[in-house]
Amino acid sequence: MPYSAGMAQHDRRSFLKMTALAGAFSTTSLFQQAHAEEWQAAGKAVHHMDPASVSQNEDFWSVIQRGYSVSPLIMNLNNGGVSPSPIVVQQAVERYNQMTNEGPSYFMWQILDQGREPLRAKLARLAGVSAEEVAINRNATEALNTIIYGLPFKAGDEVLGCKFDYPNMMNAYRQRAERDGIVYKQITFDFPVEDVDAIVKAYEQAMTPNTKLVHITHVVNWVGQIMPVRQIADMAHAHGAEVIVDGAHSFGLLDFKISDLHCDYFGTSLHKFLSAPIGSGMMWVKQDKIAKLWPLTCYGDGHSPNIRKFEALGTRSFPIEQGIGEAINFHEAIGSRRKQERIFYLKNYWATRVKDIKGVKLHTSLKPEFSCAISGVSVEGYTPTELMNTLFDRYKIHTVGIDYEGQRCIRVTPHVYTTLADVDKFVNAIDELAAKKKA
């Protein structure tokens, strides 16, 4: 029997549905086709080891590293900005993009769009929440701004945040202050801080009976401080305030479930530590909060309790959206706790080697409860921009300069594909630059 167009369409529907539902080692996932045999063997070799021990097993991580296609021309230590996608994620996006362009209005809306619900369920399982609380969008800014602009504040309502929150969120609150008369208050810290009670107390002392919302950045993007979200949230709720969490740098890095945080709202970018396609994000809203939250874009019933009202974005990249599923496969095959332990090990590997070099200063804790991947470091005699540029010009090491609220350093962020040889090269570069300034 000839292979008909109808059969081809059926196969595409089946491929999309099966791929969207696929687990890491299911027969239909691209991950399984590329990595199953090798990864299962690597996992078997370390199955008796705890995650902290696995974090130092270079044979295991060399298998993971081969799943990426990183450039040999530069060393990327700015994964806190955007992380590269594994090869299988890139291939998934390319495959879906090719499918889309064979007949966009059909394959987008009739085929790829049908994969959103299985993907929503997959993200919800990873996040430890109900699928009816998860919206899929493009980044943390879109997710959190949707919440910030959608909350029914009135003049005089107070929002409490921190000067080390992300600028796009701070600017959204400032616009609401200008347009709606809310009061936006910020506290500050001299990071690193290694005292949970002190952090919680700083927020509590700034609260008033008018505080309606507390904004918490889970992992501070500037220098990597991990904030005690659950303790702050419990305190805020005790004072009658709701809690929104910026999880841009925590989701896919730290081993947690959103439900662990006791917050009401959560937004994240999936193209950071989850290594999903660039331009993918997720928004979570507690079920009983959805109806009161206005959607940022058009929707027929703004008071609907349906989380999908926040996805009325019009035409967008369905290939990027569907590529998220393969990123989850890749992540889950590693294991959340193993991944967190490995990246923390890489951070401390370099940080403990440079902290005692004369003229070098760390701006981030070395303790696992207060830091993981991101760390700030400065070298006496260099401005942040000078240090960033010198590292790239001389060593082709890519970092980012931070000069904000008294934190003057470069931000250094490894990922699972970063090798010990990479980290050694960075340590040697810092040592050389500090020695030259002393001379």
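Which element gives the largest share of the lining of the largest pocket? That was my opening note for today, and I took it to the model, which is a predicted one.

**Entry 1: the largest pocket**

I looked up the volume to begin with, and the largest pocket comes out at about 340 Å³. I then listed its lining, which runs to 18 residues. Nearest the centre of this pocket I found His 218, Ile 226, Met 227, Pro 228 and Val 229. Two elements, α11 (229-238) and α13 (336-354), each give two or more residues to the lining. My opening note is settled by α11, which supplies the largest share with three residues. I sorted the lining by class as well and got ten nonpolar, three polar and five charged residues.

**Entry 2: the second largest pocket**

I moved on to the second largest pocket, which holds about 240 Å³ of space. I see 13 residues in its lining. Those nearest the centre are Val 70, Ser 71, Ile 74, Asn 76 and Tyr 417. By class, I noted seven nonpolar, five polar and one charged in this lining.

**Entry 3: helix α14**

What span should helix α14 have, at 1.5 Å a residue? I worked with its twelve residues, 384-395, and the expected figure is 16 Å. The C-alpha atoms at the ends of α14 are 16 Å apart, so the two agree.

Next I asked which residues of α14 are buried. My list reads Pro 384, Leu 387, Thr 390, Leu 391 and Tyr 395. Looking down the axis of α14, I find these buried residues within an arc of 135°, so they line one face of the helix. Just after α14 comes Lys 396, and I noted that its phi is positive, near 60°.

**Entry 4: Phe 426**

I picked Phe 426 next, which sits in helix α15 (residues 420-438). Is Phe 426 buried or exposed? Its relative accessible area is 1%, and buried means under 20%, so I put Phe 426 down as buried.

What does Phe 426 touch, leaving out residues up to four places away in sequence? I found Met 75, Leu 77, Trp 350, Val 377, Leu 391, Ile 397, Ile 410 and Val 412. One of these partners, Leu 391, is also on my list of buried residues in α14. Another, Trp 350, falls within the 336-354 range of α13.

As a last lookup, I took the pair Phe 426 and Met 170, which are 256 residues apart in sequence. In space, their C-alpha atoms are 33 Å apart.

Key. Residues are numbered from 1 along each chain as its sequence is written. This is a predicted model: local features need pLDDT of at least 70, side-chain atom pairs count only at pLDDT 80 or more; totals for chains, interfaces and linings use all residues. Side-chain values use heavy atoms; hydrogens and water are left out. On a 1 Å grid over the protein atoms alone, a cavity is a set of points where a 1.4 Å probe fits but cannot get out, and a pocket is an open set with protein on both sides within 12 Å along at least five of seven lines; lining residues have an atom within 4 Å of a point. Grid points are joined across faces, edges and corners, and a volume is the space filled by probe spheres set on the points. Helices (H or I, at least four residues) and strands (E, at least two) are DSSP runs, numbered from the N terminus. Ala, Val, Leu, Ile, Met, Phe, Trp, Tyr, Cys and Pro count as nonpolar, Asp, Glu, Lys and Arg as charged, and the others, Gly among them, as polar. The expected span of a helix is 1.5 Å times one less than its number of residues. Buried means under 20% relative accessible area, exposed over 50%, partly exposed in between (1.4 Å probe, protein chains only). The arc is that of the directions from the helix axis to the C-beta atoms. Contact means heavy atoms within 4.5 Å.
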